[in-house]
Each structure stands twice: as structure tokens, then as C-alpha cells.
Amino acid sequence: MLLHATAAGLRAISRHRRLVLVLWAFGLALSLAATFPLWRALAAAIGPLPHADSLSFSAEIFADLVELRPGLMTGLGAAAASTFGLGVLVGIVFAGGALEVLTSRDDRPFAHRFGRGAFRFFGRFLRLGAITCAIALPLAALVGGPLFALSTRLRRDSGSEWLAIGTWGAALLAIGLVVLVVLLVQDAARVRIVTTDERRVRKALRPALSTVWRGKAAWLGTWMLNALALLVLFAAYLAVAEAIPAGRALFLLLLLQQAFVLSRCGLRVALLGSEVALVEALTPAPPPTPVEPLPAHPPDSAPEPPLA
Amino acid sequence: MKHFGFGVGRWFPLLCALLATSGPAAADPLPARAPEIANYDIQVRLDAEAKTLSGTQRVTWRNATGEPVAELWFHLYLNAFKNSESTFFKESGGQLRGDRMSDDGWGFIEVTKIALAGGADLAAGATFEHPDDDNAADRTVWRVPLPAPVPPGGEVALDMAFEAKLPQVFARTGYFKDYFLVGQWFPKLAVYEPAGTRGRQAGGWNCHQFHANSEFYADFGRYRVEITLPRRFVVGATGKRVERRDNADGTSAHVFEQADVIDFAWTASPRFLEVQARFSGEADVTAKEYAEVAARLGRSLDEVRLSDVDITVLLQPEHGRQAERHVAAAKQAIKWFGLWYGRYPYPTLTVVDPAFGARGSGGMEYPTFITAGTTVLFNRWPFDRMLLPEEVTVHEFGHQYWQSMVASNEFEESWLDEGFNSYATGKVMRQAFGPWTIDALGLRIGSAELPRLGNSVERMFDRVRTPAWGYSSSGNYGFNSYARTDLTLRTLEGLLGPQAMARVMRTYHERFRFRHPSSEDFYKVVDEVAGRDLRDFFAQAIERPGVLDDEVAVVTSARVEEPRGVFGEGPARKTVTGKDAREQAQRKDAAGGRPWRSTVLVRRRGEVALPTSLRLEFEGGESQTLTLLETEPPAGSVDVEKAGLLPAAAGSEPWRSRFKRLELTSPKRLVAAGIDPERRLELDVNRLNDARRVEPDSSAATAWSARFVFWLQQIVALAGL
């Protein structure tokens, strides 16, 4: 099943390259918009500086910016936070559009199908997100909280550094696992909502949970393969990025960055494709509709109905 | 009853001999020995279960002053941990450097006996004092009147017994499970300062209470300490172990001895991984390094040659992979501190890695004995590329020089201790390990940049030279004592030049090794070595609060306009219209161009005024540097080398008021102007206004923003899951 899902994911990338581009464009547009005020502030702050290293990061100038332009740093944090918030909404829009494109069989233009899915399912996915958040947060706190408390206590009392750090790591891992499972169930629910046009979000969650539970190895395996691929890509990005010399090669670095982001978008589409395949494979076939058995032979004695 | 009396005659010749050997020698400016003022012979037993110490000690104090002394003052610093009413507890709030005191971790010390050696009991007249505040509940300073004054050159010996309960470690000293870091643990004599010492009007004991931010000021002496504790413990201590005896009761006695030190600390834990190494003055320093340092310092090769040192690193077992890092850091510290300031005179150095859970005892300095601090995370990539264990080791070793050997008063002049050491640590780290303290995952942070992070107007309300408990906040103590002093000394180095500064620091160390210098002593050395009067520099940078913030406020450059209007009188009167002027300008431009008229406005936003320079950059890459003198230059031509602190530049300008406007006409367009282009004035709080282009260039902002976009895209991707 894992192989089947992975293959479906790879097919999704090759067949729906425009989805990858749309996701990349969404992210880029949002990030550019959030960065523009920062760019203006930065240009005012360091534009007059002849010694501002125009092509590589200067820790010295950054240190002075942190110290002397706290507003700039606050703005930077605000930009990141607002981008995250908007990113959640963009993610919901994209998920609706992408799943519609991946699951619909009609031959309408890409933009039509994407837009249809994005707007049709936006409200439902938003409600679904709120519900999953409401489930995930207390669950994560329930699992991670005691472990964090234990880690703090061990740090103070045990004298074992490994134990304290290990418990802290276990807490993080447990929280991560809870969040991951909830996200996978949410993804399964999204697929069900799109394929069945289910309007009641909560009703879609239970079968989604059942789908994930039945194929838990395949779901986790698929996600881990995807995450592993992302990790490999990021490591490769870091290795190449470090090798690019500071200075005039900034353009190369920017290209490399966008290549990485595009690849990441591709992996996101692949994950969606795999998840659609998993839901299809794990959803039990509907029981056959009972059909009234036809009599083998009409009774001989029965008179033919009169023709009207 | 034997009486170690107050006779002078018997000891005075020895005193003179010792003083003679402790002064600068003609052959080697480094004094070989410290004057023995306070000698200790201590026997202490650790009850590892009860966390208590039982000790006896013979203390011999010699009156090396010219005044009779009628009382002795002691530090009983474990009493800082006795209750919530101690000055230390009130200042620290029961937490220090991120560690909080546990509810039942109190510690204290009680002197159960004090008597003249073999003679009269002195306990009856003893009182607790609180010279720094009105806190009568503080029990960290103890005054003991003597039945008769100790005459000049005489000495007194006391027999003492004490019982102590160690605190659970949260700050500097104490226990955590079976780990013990035992510092400030025995009744220790304060320093008697005769009139004239460090500006004193009258002689007296300099004995401060134990404070949150300071704890060191003591006289030199010889220590012999016998530590008895369960046999399973690995023990490290100040000095050299001269004996180890296993007793029949399952304990071991470890005897350590060390002369020429101001304190004694020790540690014990059964878990220590003991790593031995040796620093060799022959193998660990190349002939070229010796030659270069000798030339820079103007000393002979023999004067800079280093001695061998036995290094013991007591590591937590889980940090075993970092043994080599600690040894390497210790060796680099012994090497570069030794080469630059004077050879490390002791035969041993012990580096202690505190137990997890006792990090409050990390990053501490005692003579020949330092505590570092690390974590298992630094065992592996990418954290192994963060040189924090190295930096802590180098810094704490540096206190052997700035606090332990040059024994300034940390309470009253912490900048001479922590600040000098921060400056020296940064230099050693950059020399030995390169510019980056952190170099991992594309993030690079250098030791030179970190002190600038706190260099802010907000931190300038205190003067650097302030008693450690007298700053407006604990943060301001930290900034002024460490980072601002580092920046001040780097600024001084920028003004004097690296060679002169190296000689200043060397001379200061040589002259005041095994002595108690004050700020004025350092100022005098600087004036003497630099051959200049730098009182104004120290008055501004150390003695007064103030900000150094020079800025280039305005830079403009435009073609010289052709004159227009009415010129001449009578028949020669001529009117040049705007059109005429423009046409004339065009003709001149076609013929090779009009000159450019440029204006540069430099301003002094802070109170501190230091000599600096101004670089003017012209189109085509040409540049010109002017020296801006802090005072009016002498009449006639200015010899910058003599008049100011900066090396000669192409020209110089006086700059005495809060601003200066420069107008110049040049064949090429001015594109930028920058003040202090060589970055000599590290104290400048704002580098963002040090230079200015005529036309702003947004490429730097674009480059930074482009990187930010990438990380925002990652946030979007994460949010869209």
C-alpha cells in the first residue's frame, strides 16, 4: 500500500505540475507582500551605509539593528507571524483546489477545477481546521505536558543529563506525533469531504480516523518518506548554499532557494496525491445495493398485460 | 600555652628578603614570588552524606604595612547562603545566572574556636560587620579584635576550628548529590590596606560582604590543605597534590600545597573522569611564536619563555568526548596568556566540568583551579562547532591573570578583573580558534561582535568604575564590567595601536603581578608606555557615564553652479541670466566637467569625545582620510602623531564642538563619507550612523530581504500543512 501511495504521489507531481506552480506562486506572493515593508525599512536603515555588505549578511550591522532599531525587529516578527496566519488560510484554499484537481474526473480547465475546489470547500476545511486544532492542542498538552514537567524535574534533581534531555526530546516527539496523527486524520477527512461532498465536517472525521487507523503504517510511512525527501533536499540546499561564495553570486543563491521551495511544493502535492490514493484504498467498498431478483420465467398462467 | 607572638626582629629580615624578591627584578620583570601575607594550614573533613565540613586551621598573618594593626577581619562567605536575609540573597533573589536556589539548600559556617596559637581565646570580642550596607542580618564579615596590635613587620598566628554546611549549588559553591564544588568555604582573612593604598586616607581592613556580583579580594599566601573524605571520591584542588593517604576508616586524605595564591578551592565527585595532559613550553610554542611575541613586546626571548604545566581536566563521564576540547582550550590559554602577559607561574592547572544540576558552580575561577561548563549537546554536530566550552575555559583561566595574580579589588573595581579578562579572552579566542565563536548551519557569530550587542544608550547611566553592588541594575553591572570594558580597551588599542597596547598590558601585568593595583595604577602604566597623557580618555570612558556616538549626519555633492545675476559696476556691469549660466555649465561640462562641491556634516551625539578620522570616498574609487582631533591643534602645522592619538593621515581637522561641517571642492564627485573607517572606536554605540552615501543604495536591503523571503516561504509551507 505504501508503494502504491508513493507511486500515486509521484504521478500527481508529473500530471499536475501546475498545482506545484500555483502553490509556489501563492507562497512567493504572500512572502513578498509581507517582506515589502521590511525591505523599505531596511533600505532606509542601511541604504545610506557604504559598508553595508550588499551581498551577504553582516552580523555586525544586524547586531546594531537589533540594538538600535527594535521596531524593525518587531516588524520582522510581526511579518513572520502574519505570514503564518495568512499561510494557514492559503493552505486551506490550496488544499481545496488541489484535492478537487486531483480527484475530479471532468475535463474542465485546470483553473476552473482548482477555483471550484478552493471556494467550494474553503468553509468546510476552515471548520475542519478549527475542530482539529481544538482536538490537537489539548491532546498535545496532555501528552507533552507531563513529559516536559518530568524533564524539568529530572534536570533539577536527577543529575543525569541524558535522562533530562532524553525526556525533553521524548516530550517533543510525543507532541509531534500527536500533531502528525491529527494532521493526517484532517487530510483524510479533507479527501473524504471532496470525494463525497460531505457537508457535515464532524461526520467526515470519524471515517477519516478509521481510515488512518486501518492503514496507520501506510499513512505514517508515506508521511515519513515525504519528510525524509524534504530533509534530503534541505541538506542538499544547505550544502550547495554554503558553497556559493558571497558577493556577486547572490542571484545564484536566490535561484537555488526558489528551486528548493519549488521542490518542497512538489513534495506537498505528492503527499496530497498519496493521501488520496490511501483514502481510496482504505475506504471500504459500499455494500452492494440489494436488487430485486427477477423471476426466472414469467408464470405461464399470467396473462400478458394488455398493451395500452 | 604557646604564643606565636608579635615579635618583629625574628621575621623582619625574612620579610625584607621576601619583599625584595617579590618586586620587579632586573633580569626578569616578572616577580618570581608573591609576598606571603596570609598563610593557611587547613585540615578539613567532608561528610558526604550530611554535606558538612569540619575543619581546623592555623592562620598566620603578617603585617607587611608600616602601621600597627589591632584587629583581624575575616570573610565567612558560606553565610551568604544561610538565610534569605543575607546581602547576597537579597541582591540575587535566590537565583543567579539562571539557577534558582532550592527550598532547603541553605549553607552556613560557624567558627567554633578562634584563639591565638596556643594562647588566648578571641571569640568573645568578635562581631559581625556589614560595611557595605545596613544589613545587620548579614553574617559574611567577621571582625576579631586582638589583645595587642600586630606591629609593622610582625605576625600573628591563630588556631581556628569551624563547622560548615554546604549549600545546594545554585551559585558558585556547594553540593549536588555526590558532586562538591567547595569554594569560599573557610574563614579567610581580608586585606589590610595601609593609608595611601588604592587612594585610602587612613589604613584599615578592606573586607566586603559577599555580594551577588563579586566575591574576590584577598592577600597572597601559602596554603597547605588536607582534605579527608570517602575513598571513592576523585578530588581536585588548588595547587599540587603532595600526598594521598588511605585511612583505615574508608576515607582518604588528600594533601594539596600551593604558594603565591589568594584563595583555595576544591572539588570532589566519584563520577569525575580524570584526564591528564601537560603543556610544554618547548613543544606547544614554536620558536617563531616566541620570536614574534618577544619582538612585539620588546622583551628578550627568555622573558617570554613559558614553563611546563600539568593540566588535569575533571570531566563528567557523559562529556568524555569533549576531553580533547577542554585540554586544547587550556593549552591555548596557558600559551597565549603566558606569551602576552607573562608566564603562568604555577606547576598545575585543574579544569572542572560541573555536574549536571550544578551548573551554578560552572564558569568560576580560583587560583590554579577553574570550573568550565558544557553540555552533551556539544559532543555532536552541529553544536560541536560552537566554541562555548572553549570560551568559558579560556575566560576562567584568564582570571589567573586578572584577579588572581594581578589581584585587583573585584568588589570595588570589577572592570579591572572581569573587563580586562573579557578583553584578553576575546583576543586569545580569536588568536587560537579564529574569529567565530559560533560557526554552524550558516550562522556565524564572532567574539568581537557579541559585546556590541549590549552597547546601548540604555546601558550608559552607570560609570564603569563602580562598586559591583552599586550599579543601577544587575544587567548594567554585567555590561559595564565585562562588555563595555572590553570595548573600552579595544578602543584604547585602536587609538594606541596593537603593539603599544600589547606593551601596556604586559607592563601592567609585570608590574602588578602578586600585588593589588587600582585603576590609577593602570592609568599610569598606560601613560608611561604610550608616552601620552590619556587621563581624558579614562575620565570619559571609565570614570564618568557617557555615550560615544559620532555620526555622519549629512553628505551632499553637486556640481559647482555657474554664477548668475548682476556682476560688475558701471559700464562693466553685466547680467548673467539663468539660461546663460546653464549654457556656460554645459560648455564646461563638455570641455571636461565642472568641479564638485561637497558638504559633510559630522556630529557628536554623545558626551564622549575621542579623536577619530573621516574617510571621504570619491567617484572612481579614490579616497581621502582626515584626522579629526578632539581638541584644537597646536598652532602651525599639525603633527598628528604628537598632537593626537591617531597615526598620521593625509590631513587633519580640529573638532571640538558637537558638530563640524566640512565644505570641499573636488574634481570628482563625493560618493560617501564615513567616520572612524578603521573601526578604532569600538565604544561607538551606533555603527549605523557612522557612514553615509550621497545616494542611498538599496542593494543591501534587497539582498537581506531576499533571504527573508525564503524563510517566509518556509513559514507559509509549514502553515499550509
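**Exercise 1. Which residues does B:Asn379 touch, leaving out those up to four places away in sequence, and is B:Asn379 buried or exposed?**

Solution. Begin with the neighbours: in this predicted model, B:Asn379 touches A:Trp162 of chain A together with B:Glu318, B:His319, B:Arg321, B:Gln322 and B:Asp384 of chain B, when residues up to four places away in sequence are not counted. Next, place the residue in the fold, where B:Asn379 is found in the loop that runs between β24 (369–371) and α6 of chain B. Then look at the side chain, which has a polar atom 3.2 Å from the backbone oxygen of B:Glu318, a residue that also appears among the contacts listed above. Finally, turn to accessibility: B:Asn379 has a relative accessible area of 9%, and because buried means under 20%, B:Asn379 is classed as buried.

**Exercise 2. Where does B:Asn409 lie in chain B, and with which side chain does its own side chain make a polar contact?**

Solution. Start from the position, since B:Asn409 sits in the loop between α6 (388–398) and α7 (418–433) of chain B. The side chain of B:Asn409 makes a polar contact, at 3.3 Å, with the side chain of B:Asn206, and a polar atom of the B:Asn409 side chain also lies 3.2 Å from the backbone nitrogen of B:Glu412. Widen the view to general contacts, leaving aside neighbours within four places in sequence, and B:Asn409 is found in contact with B:Arg198, B:Asn206, B:His208, B:Phe216, B:Tyr217 and B:Ser414. As a last step, consider the accessibility: B:Asn409 counts as buried because its relative accessibility is 0%.

**Exercise 3. Which residues line the second largest cavity, and how many of them fall into each class?**

Solution. First establish the setting, in which a search of the whole structure finds two cavities of 30 Å³ or more, and the second largest cavity holds about 30 Å³ of space. Its lining consists of B:Arg484, B:Gln540, B:Ala541, B:Gly546, B:Val547, B:Leu548, B:Val608 and B:Leu683. Sorting this lining by class gives five nonpolar residues, two polar residues and one charged residue.

**Exercise 4. What share of the residues in chain B is buried, and what share of its contacts with a separation of 6 or more joins residues 24 or more positions apart?**

Solution. Take the residues first: of the 721 residues in chain B, 59% are buried. For the contacts with a separation of 6 or more, residues 24 or more positions apart account for 75%. To complete the picture of the chain, note that its secondary structure comes to 14 helices and 36 strands, and that chain B exposes about 27500 Å², of which carbon and sulfur atoms supply 52%.

Note on methods. Residues are numbered from 1 along each chain as its sequence is written. Chains are lettered from A and ligands numbered from 1 in the order in which they are written. This is a predicted model: local features need pLDDT of at least 70, side-chain atom pairs count only at pLDDT 80 or more; totals for chains, interfaces and linings use all residues. Side-chain values use heavy atoms; hydrogens and water are left out. On a 1 Å grid over the protein atoms alone, a cavity is a set of points where a 1.4 Å probe fits but cannot get out, and a pocket is an open set with protein on both sides within 12 Å along at least five of seven lines; lining residues have an atom within 4 Å of a point. Grid points are joined across faces, edges and corners, and a volume is the space filled by probe spheres set on the points. Ala, Val, Leu, Ile, Met, Phe, Trp, Tyr, Cys and Pro count as nonpolar, Asp, Glu, Lys and Arg as charged, and the others, Gly among them, as polar. Helices (H or I, at least four residues) and strands (E, at least two) are DSSP runs, numbered from the N terminus. Buried means under 20% relative accessible area, exposed over 50%, partly exposed in between (1.4 Å probe, protein chains only). Contact means heavy atoms within 4.5 Å. Accessible areas come from the Shrake-Rupley method with a 1.4 Å probe; for residues, only the protein chains shown count as cover. A polar contact is a pair of N or O atoms within 3.5 Å; within protein, one must be able to donate a hydrogen and the other to accept it, and residues adjacent in sequence count only if both atoms are side-chain atoms.
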